[in-house]
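Trainee: Before I trust any label in a structure, I would like to learn how each one is justified. Could we go through some together?

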Amino acid sequence: MRFSDGIVNDMVTSTGVILAGGEGKRLRRFETIKPLIKVDGEPLILRVLSRMIEHGVRDLVIVVSEGDRLVQRTLLEHADRIPADCRIRYVQQSEKKNSMFGSFLSLGKEVTAPFFLSACDLVFERNPFACFTGDMQDTEGVSALFCADVEVNRHSGGKVKALLDGQTAVQALGKTLKDANAIEAGVYHFSAPAYSAFSSFVAARPEITTFEEALSAYNTVRPIKPVLYAGTHWFDVNTPSTLIRAEMFLRSNRVESSTAVTGTPRLSALKKTVTFSYDKKITFDVHVKSGIIEHLEDYLIIPSENYYSPHHLIVDKNIDALYGEKVHAKLTSLGYHVNKILVDPGEWTKSAAIYLQLANKILNDGLDKKSILISLGGGVIKDLAGFLASTLYRGVGSIHMPTTLLAQCDAAIALKQGVNGEGGKNLLGSYYAPLSVIVDPTVLLTLDERYLRDGLSECLKQAFAQSTEFYDFFSRYDGPLKNLPFLEEVVSRSIALKIPTIEKDFDEEREGLVYQYGHEVGHAVEFLSGYELGHGESVAIGMRVSAELARILGVSDDATATAQFRMMKKFGLDICIPSDIAVDDVVEGLRFNKKFHSGEARFVLVKEIGSLWHDRSMYTVQCSDKAVREAVARSYADTE
Ligand SMILES: NC(=O)c1ccc[n+]([C@@H]2O[C@H](COP(=O)([O-])OP(=O)(O)OC[C@H]3O[C@@H](n4cnc5c(N)ncnc54)[C@H](O)[C@@H]3O)[C@@H](O)[C@H]2O)c1
């Protein structure tokens, strides 16, 4: 490698700049900052960095948000991927604007040599830096990468379009450009003089606020040199939907490139040494009583054989102020050793990282085989505590005190425990029975109306898919949601319907699939909304799509679909897919469903109010992509 006066003397550029200080608004609700979000198991920034290294870059400059040490720590963890002769420098983003442009402006005089510049969130099928060939010594020209496969990459997430004049000039650039024939791909090459000229140009124009505006304006004085991306797919991972697309693309590529094992004998060809079978009966009690939380001392909540063991009460900070302190005080006043563990409220607490943190804490604080983990809270706390109980010491006791409608009727009664994985909901989990579930409907009166509606969606699901009596009950009711007698009845009816179903099919493979109604599209839109939509709100949208699908396929009639739509709307549930979630993204998102096997999606469908479609023990319907697409497309508009 040779440089003289900052001019490239050969074809290789050895400096690379990665802009990793942007905010990534749509991905903010994911568990980590954008550069560290994993796609196909690899943090985004490591992917870009590896591509630069592959292309001979050895001097890496990474612009990070102020005070951020996470990127540095993650790259240290992957030191084996970074050659010894590589130097990494970190520049703190000084510009207030938390955007790619802000990151760029923060570079200042940190770079002098010719360099590649890339956003941190790009996923390419082939190495994009290898496309920069030929003469790049042009003193003040900026080279930018463009993808000409506009149709193939219409879902790439790339927002800036371009009109290229052959391969030589950029006629126009912009987000709203008509007649574009390329997409700008977020990778650039700056010669040293080009960087200095471009920076001065930008500094003299404070009205420029985005990188796109800067490039577009600069192009009118110093033509940008277009470099064509010589690959097919690429993704700008800025939204949950491009995250899904990039993930699915890389996964399917991996499957296609793995060699099929042929001619290998089946395991069944081996003579059996022994066949093991094991049948354990599951028993647990569910108690429903209004006001029981206020009178816990009147009941033997923790069995006497567990009296001397250390127990743990897991509660979120919202619930602690309302009920946690009280429950803790009552249990300790009875002589039990109860350690209260406070966690943050919200879906993010149900993560693998928090699970591990709490597991270690509980082990350090004290645990034995007779210890009990008590959950006091919504579905998040119950799922987390239940999973901890099922794994610590290979299983200790658990007692759930659910405090949301959703948790009282659904989450605490199911045997499913778990936490979310980086790629989606509930990816780490177990089936595990608690010792008991204590349900106090009065606590629902402090719950925000939005969460009441959210929980009610899962109860309506039971009415639609399981019970005409429950449906009639909802039809007759005309009062407010926050009404104790109404809520008591909803909770009791819902639990009474649920218990016999899980007794028959606890792992939800046949009649238990009634609990998955609306969850196929529900899980997809929940994820695609960046978890802005609640679980029950998403399931309501999912039920809308499933009802549309059932009538498209002739599984049910129009009246069955309309009855569901009317009921959900009566209780204030929005059953339209938000307009910023695209049909294609929902269809793609279905692949993340655990029920999706290679080929087409399978749906649980309601045949008529109160019963699911099924053929003997088969409770799911395989649905063509075309039918699903149509049902999704119909679900943006309001009904009636
Ligand atoms: N295991 C299962 O079978 C199952 C079934 C359905 C849902 N889930 C899971 O449940 C979770 C959602 O549960 P959720 O809707 O209960 O949400 P949640 O646990 O996040 O609770 C919602 C909010 O309400 C607050 N809150 C809870 N009880 C309250 C009360 N009585 N008064 C005032 N505020 C209160 C909480 O602090 C939280 O901010 C999701 O993760 C979902 O996947 C699991």
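Mentor: Let us begin with Ala 192, which has its place in helix H4, covering residues 192-203, and let us keep in mind that this is a predicted model.

Trainee: Why is Ala 192 called partly exposed?

Mentor: Ala 192 has 19 C-beta neighbours inside 10 Å, while a residue is buried if 20 or more lie within that distance and exposed if 12 or fewer do; Ala 192 is therefore partly exposed. As for its surroundings, the C-alpha atoms of Ala 192 and Gly 141 are separated by 9.9 Å, with the two residues 51 apart along the chain.

Trainee: What makes Tyr 195, which also lies in helix H4, count as buried?

Mentor: The cut-off for buried is 20 or more neighbours, and Tyr 195 has 24 C-beta neighbours inside 10 Å, so Tyr 195 counts as buried. If we leave aside the neighbours within four places in sequence, Tyr 195 is in contact with Val 111 and Phe 190. Tyr 195 and Ile 292, on the other hand, are 97 residues apart in sequence and 70 Å apart in space, C-alpha to C-alpha.

Trainee: How do you know where the domains lie along the protein chain?

Mentor: The domain assignment gives domain 1 as 3-257, domain 2 as 285-447 and domain 3 as 465-634, and the C-alpha centres of domain 1 and domain 2 lie 46 Å apart.

Trainee: Which residues come nearest to the ligand, and which helices each supply at least two residues of the shell around it?

Mentor: Of the 29 residues around the ligand, Asn 318, Gly 378, Gly 379, Thr 404 and Ala 414 come nearest. The helices that each supply at least two residues of the shell are H7 (317-333), H9 (379-391), H10 (405-411) and H11 (449-466), and by type the shell divides into twelve nonpolar, nine polar and eight charged residues.

Trainee: How is the packing of H11 and H15 described?

Mentor: Two packed helices are described by the angle between their axes and by the distance between the axes. The axes of H11 and H15, the latter being residues 535-552, come within 6 Å and cross at roughly 35°, and the crossing is left-handed. Among the residues making this contact are Asp 454 and Lys 461 of H11, together with His 535 and Met 543 of H15. The residues of the contact divide into four nonpolar, four polar and four charged.

Key
Residues are numbered from 1 along each chain as its sequence is written. This is a predicted model: local features need pLDDT of at least 70, side-chain atom pairs count only at pLDDT 80 or more; totals for chains, interfaces and linings use all residues. Helices (H or I, at least four residues) and strands (E, at least two) are DSSP runs, numbered from the N terminus. A residue is near a molecule or strand if its C-beta atom, placed from the backbone, lies within 6 Å of it. Ala, Val, Leu, Ile, Met, Phe, Trp, Tyr, Cys and Pro count as nonpolar, Asp, Glu, Lys and Arg as charged, and the others, Gly among them, as polar. Axes are lines fitted to C-alpha atoms, for helices over the stretch in contact, and angles run from 0 to 180 degrees between N-to-C directions. A crossing is left-handed if the near helix is turned anticlockwise from the far one by less than a right angle, and right-handed if clockwise. Two residues are in contact if their C-beta atoms, placed from the backbone, lie within 7 Å. Domain bounds come from an automatic or database domain assignment.
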